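Trainee: Please take me through this model one feature at a time, giving the general idea before the particular case.

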Amino acid sequence: MMSLHASKKLIALMLTFLLLPLGAVAQAVEEEEGITSGTTYVVFYVDKQDAFLNGDQVKLDAAPVIKNGKTFVPAKFLGDAFGMKVEWIAEKQQIEMETPKYNIMLDLKNKSAFVNGYWFKLDQVATIVNGRLMIKLTWLSDYMDATYTYNNELRRIDVLHVRQPSGVYNPELGNSRPVAKFTFAKPSYQIGEPIKYVDLSYDPDAEGLKYEWVGKEEAFFKAGTYPITLKVSDKNGNVSSPYTRQLVIEDKIYLSKVEYPIYTKPVGGYIKTDWNTLYGNYLDLPQVPKQSVTEDKSRSLLLSDSPETFKELGILYQDSVEGKSRLYANHQNGMDKKVSFAILAKNETDEPVTIRTTNKGEVYPTIYAHLMGSEGTVDFLLNDPVSERMTIPPGETFIYKQFPDFYPAQGVNVIYDVETDGQVQFTFAVGDKVSKDMLDLPKLPFNGHIRGTFPVTGFDWKLDLSDKAMQKPLRLVIGDGKSDLFQPGYDPLRGMEVVNPGNYGTVYKIHSDKPRRMAIMLLAKGGPFRGPFKINGDMRMTPDSGVLTAFDGMIILAKTTGNEDSLDIEFSPPAGSAFPINLIFYPLDERADQ
């Protein structure tokens, strides 16, 4: 029902029309602000094909007529004007009409009309004029929720239809339909500019909404006009009418398709790529010049990784050291029974020797190789305070570390920094049980991977990543054996010189003063990767779960603001990960603020 205010407005508008000549009707409708965009106003003249729809003059296929004192108007025209379905089904000689509340079917062949299944005699409600279906106005207006007036002097019919808003309460459903609505933060955007969608949707019943978008993108990379459509639904399944806006993309580049994810993705975010993108933009980037390279030779590295998967009991690796050293082991049980793994320490002097452990990373037996390597490295890079001491009498052997029994296919990864005040022989061994008798087990043959003692346990690289030095993207390669050489060593069990492909067990410390604003990304060029980076003291597990490969794209490790005093990255190659890897340093500007 109309409000009193709305009724007065309608009467005033109709009075205006009554006093105007035919040609002035359009102007009156255009100037009248009281009729909303959801209102349709139609003016008919009996026996004339001229009519007005919302102020625009139109030509009817058939003029309204009066028969036996009843007024008939064109059904198709009114249905279309009011946004309702009117469909002719030729094979059945039927016309179907749908209004918000009623389904109307006119059966010309059987001279019947049905409204929601109720029968009416057709000639009481309809007639045919010049082959066009005409509907009795008084009958149709009730089902179309329309109101009308008739001016006998002017033989004019005024029909007003107010479209029911989507959110109006429906007493039959006991609920309201939600309303979909949105806008854009500004009238137009550039190519590659992030689109800000402003959601204006609501549910009159405050039940929460689900959103269904069509055409919505974070950004568009081709100029043009794009339709964006939204529908929302509430928890009762009521669905809004679709709401569409046209988005204009100017022919001006804000961010390229390559730049966009780098600028907009957060730290930890994936940047999807393909091989064409990688080769065209990243793999052949210029390398960052190293201002200085310092090798850490303050301790030796005993690395036991062969046989990585052992199939018999025995000694995996053994060597003697004095002073500072690092013990590193990575092994998997390839037998069909549970076994015990231990590191034994034998005092090779005639004086007591103390072993002090200053840092460690341990992963107990697990079947997940990448988890095994990455978690051990996390513990080690955390560098939590460790103060463990063991004093071994002259000539005696103690169990330095003993691990829980591990079962077939399980493995361990361990890293220890130790300091001794005398010469100690360390033995990595696997047996049925842990005891000093493990020293009598056979030495297992080398079968690939890495084994040996290496004089270098770390690298300090100083870079210049300042605004002045870095104008374009650069890459830093780790573990390729060329720009980052593999470290040489010696395997006493084989009596030969060896190398450490991937430089496992070492720690890289990468430093730059006054770094510019940039994104730092990881490209796992060599194969599957999972491991931590320590960036300005914050630990970043990469990736958060699973493994990263070049097929996945890249991952953003960090973003600098340009206000930091320095950039410090610590990294140790995790067991189970493949090398080389590339760190991509990508300059950013004020567009990163969006």
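**Strands and their partners**

Trainee: How many bridges join strand β39 to strand β44, and in which direction do the two run?

Mentor: Strand β39 (residues 518-523) and strand β44 (residues 581-587) are joined by six bridges and run antiparallel. Two strands are taken as paired if DSSP finds at least two bridges between them, and the elements themselves are DSSP runs numbered from the N terminus, with helices being H or I of at least four residues and strands being E of at least two. Within this pairing, Met521 has Ile584 of β44 as its bridge partner. Before we go on, note that this is a predicted model, in which local features need pLDDT of at least 70 and side-chain atom pairs count only at pLDDT 80 or more, while totals for chains, interfaces and linings use all residues. Residues are numbered from 1 along each chain as its sequence is written, and side-chain values use heavy atoms, with hydrogens and water left out.

Trainee: In what order do the five strands of the open sheet come, and why does one side of β23 and of β35 lack a neighbour?

Mentor: The order is β23-β42-β39-β44-β35, with antiparallel pairing. Strands β23 (270-271) and β35 (474-478) stand at the edges and have a single partner strand each, so one side of each has no neighbour in the sheet.

Trainee: Which residues of strand β43 are on its covered face, and which are on the uncovered one?

Mentor: The general idea is that side chains in a regular strand alternate between the two faces of the sheet. In β43 (residues 566-571), the covered face consists of Leu567, Ile569 and Phe571, and the uncovered face of Ser566, Asp568 and Glu570. Strand β38 (residues 507-513) is joined to β43 by six bridges and runs antiparallel to it, with Ile510 standing opposite Ile569. Strand β40 (residues 531-535) is also antiparallel to β43, through two bridges, and there Ile535 has Ile569 as its bridge partner.

**Cores and contacts**

Trainee: Which residues touch the most other members of the largest nonpolar core?

Mentor: A nonpolar core is a set of buried Ala, Val, Leu, Ile, Met, Phe, Trp, Tyr and Cys residues joined through side-chain atoms within 4.5 Å; buried means under 20% relative accessible area, exposed over 50%, and partly exposed in between, with a 1.4 Å probe and protein chains only. The largest core has 42 residues, of which Leu522, Phe533, Leu583 and Phe585 touch the most other members. Apart from it lies another core, of 32 residues, including Ala51, Leu78, Met97 and Leu133. For Leu583, setting aside residues up to four places away in sequence, the contacts (heavy atoms within 4.5 Å) include Leu476, Met521, Phe533 and Ile569.

**Charged pairs**

Trainee: How many salt bridges does the count come to, and where do Asp80 and Lys76 lie?

Mentor: A salt bridge requires a side-chain nitrogen of Lys or Arg within 4 Å of a carboxyl oxygen of Asp or Glu, and by this rule the count comes to 26. The side chains of Asp80 and Lys76 form one of these, at 3.4 Å from N to O; both residues lie in helix α3 (residues 75-81), four residues apart, about one turn of the helix. Asp80 is partly exposed at 45% relative accessibility, and Lys76 is partly exposed at 46%. Arg356 and Glu419 also meet through their side chains in a salt bridge, at 2.8 Å from N to O. Arg356 lies in strand β29 (residues 353-366) and Glu419 in strand β32, so the pair ties together parts that are 63 residues apart in sequence.

**Backbone details**

Trainee: Which residues are joined by the peptide bond with omega near 15°, and what is notable about phi of Ala409?

Mentor: The bond with omega near 15° runs from Phe579 to Pro580 and is cis; Pro580 lies in the loop between β43 and β44. Another cis peptide bond joins Ser306 and Pro307, with omega of about 0°, and Pro307 belongs to the loop between β25 (300-305) and β26 (309-310). As for Ala409, its phi is near 80°, a positive value in a residue other than glycine, and Ala409 lies in the loop between β31 (397-402) and β32 (411-431).
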